[in-house]
Amino acid sequence: MSAGYVTVQWNRHKRIYDACVVGGIAVYLGVFFAVGKTLYAAPNAISDEILAMRALGTCAFLLLNIILCIGPAARLDRRCLPLLYNRRHLGVATFLVALAHAVIAIGFYHGFGNVSPFISLLTSNTNYGSLSAFPFQILGVLALLILFLMAATSHDFWLKNLGAPAWKRLHMLVYVAYGLLVMHVALGFLQTQRSPWLAALVGAGVVTVSSLHLIAGLREYRKDGRRTHCSQSSGTHAGETWVDVGSVDDIAEQRGSTVTIGESERIALFRTNGCISATTNVCAHQGGPLGEGKIIDGCITCPWHGWQYRPADGQSPPPFTERIATYRVRVVGRRVEIDPAPLPPGTAVEPARIAEDLK
Amino acid sequence: MAVAILLIFALYAAIGALFGVLFVWRGVSRIDAAANAAPWPFRLLILPGVIALWPMLALRWHRAIRTRGRA
């Protein structure tokens, strides 16, 4: 949240997360090196540079697969949310591992000639028309450039100054990077190694990432469809259209819930201290689903990165200045009704009180 | 062709690096008040992004100066 920038917003959870990431990478590289040395013993020994290149390359690819699985996994199972919390640091770590792989690969394959390694990289293989001899290294370089752009703009400074939609679009390029890397591995390493277990691992990664996205997407689509079907207009009064969105019993105390009215954006409902409030479901930070969060210290707390907003006016508690749109809400009997027209971000709305005998 | 691509890339990065140093020193707090008291490690952390996206930030810095000039 933007009261003033700090270099890295570390807290205990993030330190543990980062320690696990660094430890995990170190263990992977160590095990890969040890197993590689054993498998490729003389007379089939390979150089340490090649082994390091493979260790770093496979590590970066594995990390990218994990990163892409975290999002849909967190949608499908709330227990995965802690993995999402600090995913940006995981992304930066992936870029650094991929960069180390690229530095060794370019140095090893292009660093010993008379021309610059970068010119050699672009000119040594120009068989763009051939699938079997395609210059797969270029695909890796393009993917690395995307990962660099994402790592370089991962600080909240960029989120604020690029704007959330542009920042999100930029970071969606991760799927382009993933596609390029799959091709990089498929056309390069798999062609030269022809290793069935490696082909199976890459295939398993692609299938896992695709399946998780498909399942999570279908679930969200069905959820939206069900909610849209349930909602119905309950009349107009003084220019306000009130829409019945369900029962107060559908929302647990100190928890959120989401509804979709017609084709509109999702709306988040919260129940706290015997009152119902409604805000947009989209967190101002990275578009996290606020309705899947809960009330902590009296504030709506985004399940993704913990950004907070007051339920009554959609404003972050001081000294923070973020604001989200609010909605007029009322409780009629046990039913919750919403005016689906969003109010300007930060607009104060009286929370709807649930009658004492209905709490 | 390869040389031309690399030259354009190097030129873009060199201008970005020069602009980046000036931007993290003076410009960042002009376009974003939240960066006023930001420590130097923060400024160094955003430097690679500034080098990559310098045209956009140059435009924003220019607008900030013009807006301040009018005020």
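A residue counts as buried here if 20 or more other C-beta atoms lie within 10 Å of its own. Keep that cut-off in mind for the tour of this predicted model.

**Stop one: chain B.** Select chain B and colour by secondary structure. You will find three helices and zero strands, running α-α-α from the N terminus on. With a radius of gyration of 14 Å, well over the 11 Å that the globule rule gives for 71 residues, chain B is more spread out than a compact globule. Turn the C-alpha trace along its principal axes and it spans about 45 × 30 × 15 Å. Now colour by burial: by the cut-off above, 25% of the 71 residues in chain B are buried. Among the contacts in chain B with a separation of 6 or more, 74% join residues 24 or more positions apart.

**Stop two: where the chains meet.** Keep chain B visible and add chain A. Here 18 residues of chain A are in contact with 18 residues of chain B. On the chain A side, highlight helix H5 (117-123), helix H6 (136-152) and helix H7 (156-162), each of which supplies at least two residues. By class, that side of chain A has ten nonpolar, seven polar and one charged residues.

**Stop three: the two domains of chain A.** Hide chain B and select residues 12-223 of chain A for domain 1, then 232-358 for domain 2. Their C-alpha centres lie 39 Å apart. Six residues from domain 1 and seven residues from domain 2 make the contact. On the domain 1 side, zoom in on helix H3 (81-85) and helix H8 (164-171) of chain A, which each give two or more residues. H3(A) gives the most, with three residues. Finally, colour this side by class: five nonpolar, no polar and one charged.

Methods:
Residues numbered from 1 in each chain as written. Chains lettered and ligands numbered in written order. Predicted model: local features only at pLDDT ≥ 70, side-chain atom pairs only at ≥ 80, totals over all residues. Contact = placed C-beta atoms within 7 Å. Helix = DSSP H or I, 4+ residues; strand = E, 2+ residues; numbered from the N terminus. Nonpolar A, V, L, I, M, F, W, Y, C, P; charged D, E, K, R; others polar. Rg over C-alpha atoms; globule rule 2.2 N^0.38 Å. Buried ≥ 20, exposed ≤ 12 C-beta atoms within 10 Å, placed from the backbone. Domains from an automatic or database assignment.
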